[in-house]
Amino acid sequence: MRILNPDKLDMTAMNLEAVVCHEPDESELNHFSDNGSKSVVYQLLDQIRSHEKSSERRGFSERFLRWRRRYLPVGGENRRDHGSGKQSGPLVSGAAYCISSCSMIIMNKIVLSSYNFNAGISLMLYQNLISCLVVAVLKFSGVVSVEKLNWKLIRVWMPVNVIFVGMLISGMYSLKYINVAMVTILKNATNIITAVGELYMFRKRQNNKVWAAMFMMIISAISGGITDLTFNAVGYTWQSANCILTASYSLTLRRVMDKAKQSTKSGSLNEVSMVLLNNLLSLPFGIILIILLGEWRYVISTDVTKDTMFWVVATASGFLGLAISFTSMWFLHQTGPTTYSLVGSLNKVPISLSGLVLFDVPLSLPNLFSILFGLFAGVFFARAKMS
């Protein structure tokens, strides 16, 4: 029988592994006749087993901590993991933007058409006044930060604000005379004017897919106007002016924004400050236009201003106008310009369909086809801009 010499137990790691690579039971250990040899081997085996158990406990602890961080509340809040907020952020902000945008257009249509309110400038003034008051309350509450206004900044921003006021007023009057579906389709012309403006002002060239999409938009707008059973020349004129002013607003804003930042004390101009600046500077323009055009006489004498529900709807449209500004900035921050433009194009689909259903618009099959074709062209345009 082979007996281990205790003096030779100081072996290399490889020899040790050869001895303990399998776990011998007690019957195997009885082959050792030397008690000292038995005790040394037992100690080695105990150390190996304790090391394995500690490794198992350490691995279990790490797995438990990972499981706890993922599924149990963190910091006393009922959150499963930190990534869920990031995943739900774009969905929530996108839904808020779509809902506020759809609701705003429908509310304006109700005020101007259903209540037969013939004072679009007064409605614009009231909505902008509500926006200014809400931003002021949020500022004094410490919820948002607003850049301090100065005369240099106001002078720089004035051209943009003039276009902004014209854009709002033309949009109001176009909604009064045209159904919601056709307004959304005709708004596609804004993309065409903007693309042409970018080509001449910023030397920005578009790819062939973008030009093909714009050609489809032109076809849908022309066919939609021809087949529109509720065609109104005044409404189409206002909408054409609105497309030109909207494109001019976006193009002018790009030029003025950097110059406006240099006119501030902090050297920056956040989105909330721009919202306040636009709405606040529009108030004197609105008042002057109301006085010059004699619209104030109509507002005082009309019976619709004595209806409580009219003021409820008009006030709601003011809050929705501000909501569009905030939700669009929120959604743009959560995603990016390409996703924002694509969702904006897709958003025209529920707006058009809801407008057709809610206001019982007379519709023919060719007109419906032109509307759907225009919606498809808008989505195709957004996809082409992304490529």
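This short report looks at a helix pair, some annotated stretches and one asparagine in a predicted model.

**Two helices that meet**

Let's start with helix α6, which covers residues 151-177, and helix α11, which covers residues 271-292. Their axes lie 8 Å apart and the helices pack at an angle of about 65°. Angles of 65 to 115 degrees count as roughly perpendicular, and α6 and α11 are therefore described that way. The crossing of α6 past α11 is right-handed. On the α6 side, the residues making the contact include Leu153, Trp157, Phe164 and Ile169. On the α11 side, Met274, Leu281, Phe285 and Leu289 are among them. By character, the residues of this contact split into 14 nonpolar and three polar, with no charged ones.

**Stretches annotated in UniProt**

An unreviewed UniProt entry lists residues 124-144, 156-175, 209-227, 274-296, 308-332 and 365-382 under "transmembrane region". Here is how the chain looks over two of these stretches:

| Stretch | Helix | Strand | Distance between end C-alpha atoms |
|---|---|---|---|
| Residues 124-144 | 81% | 0% | 24 Å |
| Residues 156-175 | 100% | 0% | 31 Å |

**A closer look at one asparagine**

Now for asparagine 242, found in helix α10, which runs over residues 233-262. Is asparagine 242 buried or exposed? Its relative accessibility is 2%, so asparagine 242 counts as buried; the cut-off for buried is under 20%. Which residues does asparagine 242 contact, leaving aside its neighbours within four places in sequence? They are Met167, Ser170, Gly171 and Lys187.

Terms used. Residues are numbered from 1 along each chain as its sequence is written. This is a predicted model: local features need pLDDT of at least 70, side-chain atom pairs count only at pLDDT 80 or more; totals for chains, interfaces and linings use all residues. Side-chain values use heavy atoms; hydrogens and water are left out. Axes are lines fitted to C-alpha atoms, for helices over the stretch in contact, and angles run from 0 to 180 degrees between N-to-C directions. Helices (H or I, at least four residues) and strands (E, at least two) are DSSP runs, numbered from the N terminus. Angles under 35 degrees count as roughly parallel, over 145 as roughly antiparallel, 65 to 115 as roughly perpendicular and the rest as oblique. A crossing is left-handed if the near helix is turned anticlockwise from the far one by less than a right angle, and right-handed if clockwise. Contact means heavy atoms within 4.5 Å. Ala, Val, Leu, Ile, Met, Phe, Trp, Tyr, Cys and Pro count as nonpolar, Asp, Glu, Lys and Arg as charged, and the others, Gly among them, as polar. UniProt positions are given in the numbering used here, feature names are shortened, and annotations may be inferred rather than shown by experiment. Buried means under 20% relative accessible area, exposed over 50%, partly exposed in between (1.4 Å probe, protein chains only).
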